[in-house]
Amino acid sequence: MLVDAELIERARNRDDAAFGEIVQAYRRRVLGTIGRLIGRREDVEDVGQQVFLRLYLSLDQLRTAEVFEPWLYRLTVNAAYDYLRRQRRRSEWRMADLPEQVVQMADAGGARQREEGDKARIREYVQGLLGGVSEADRLLLILKEVEGLSLKELAEIYHAKENALKVRLFRARQRVLRALSSERSRSEGEAG
């Protein structure tokens, strides 16, 4: 845990300085998780503010300091879900919706930009594969494979048993592999 139980307890008792320390300690981790889940850098700060506002307003509901991190992850995942649901309802397209990589590739060349373009294409490809599975699968895989959460931590976040999560992870990975296989078949069909 990045902060001690005493600091969490002080924040629960509405000590704003203690809450500020918690925000500073977890800000980077929360924003990183949000960024990987929603994929739009320009909205990460806004969603992060929502997470910390929800945390502040509901901190008195926290049972014990030991469950703080899984609880904060749950708030983060829920805020990302809420954002994604709102985005799905919006049908407008903006220039800002274009992946940053596409904008970078439109700029003048250079070795560094080509390297960044290659990384961007790989990132876009992976996001495309993850986009081929459900939001629930994508979020679960990101939390496990990218964020590196353990099954125990995921069990606390999802309020599910570890064995059930193992099955869900296996099935989600299988769906990603099927999406990869169908993408390869489609690419080979277009090339042939």
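1. A residue is called buried when its relative accessible area is under 20%. In this predicted model, Phe68 has a relative accessibility of 0% and therefore counts as buried under that cut-off.

2. Two aromatic pairs are counted in the model. In one of them, the ring centres of Phe19 and Tyr56 lie 5.0 Å apart with their planes at 70°, and because an angle over 60 degrees counts as edge-to-face, the pair is described in that way. This pair links distant parts of the chain, since Phe19 belongs to helix 2 (residues 16-38) and Tyr56 to helix 3 (residues 41-58), with their positions 37 residues apart in the numbering.

3. The two partners of that pair can also be described by their accessibility: Phe19 is buried, with a relative accessible area of 10%, whereas Tyr56 is partly exposed, with a value of 26%.

4. Tyr26 and Phe68 form an aromatic pair that is also edge-to-face, with 5.4 Å from centre to centre and 65° between the planes. Tyr26 lies in helix 2 and Phe68 in helix 4 (residues 68-89), so this pair ties together parts that are 42 residues apart in sequence. Tyr26 counts as buried at 1% relative accessibility, and Phe68, as noted above, counts as buried at 0%.

5. Charged side chains should be considered as well. The charged end of Arg14 sits over the ring of Tyr56, at 4.8 Å from the ring centre, and Tyr56 is the residue whose ring also pairs with that of Phe19. In a further case, the charged end of Arg74 sits over the ring of Tyr158, at 5.4 Å from its centre.

Key. Residues are numbered from 1 along each chain as its sequence is written. This is a predicted model: local features need pLDDT of at least 70, side-chain atom pairs count only at pLDDT 80 or more; totals for chains, interfaces and linings use all residues. Side-chain values use heavy atoms; hydrogens and water are left out. Rings of Phe, Tyr and Trp (its six-membered ring) pair if their centres lie within 6.5 Å; planes under 30 degrees apart count as stacked, over 60 as edge-to-face and the rest as tilted. Helices (H or I, at least four residues) and strands (E, at least two) are DSSP runs, numbered from the N terminus. Buried means under 20% relative accessible area, exposed over 50%, partly exposed in between (1.4 Å probe, protein chains only). A charge sits over a ring if NZ of Lys or CZ of Arg is within 6 Å of the ring centre and within 35 degrees of the ring normal.
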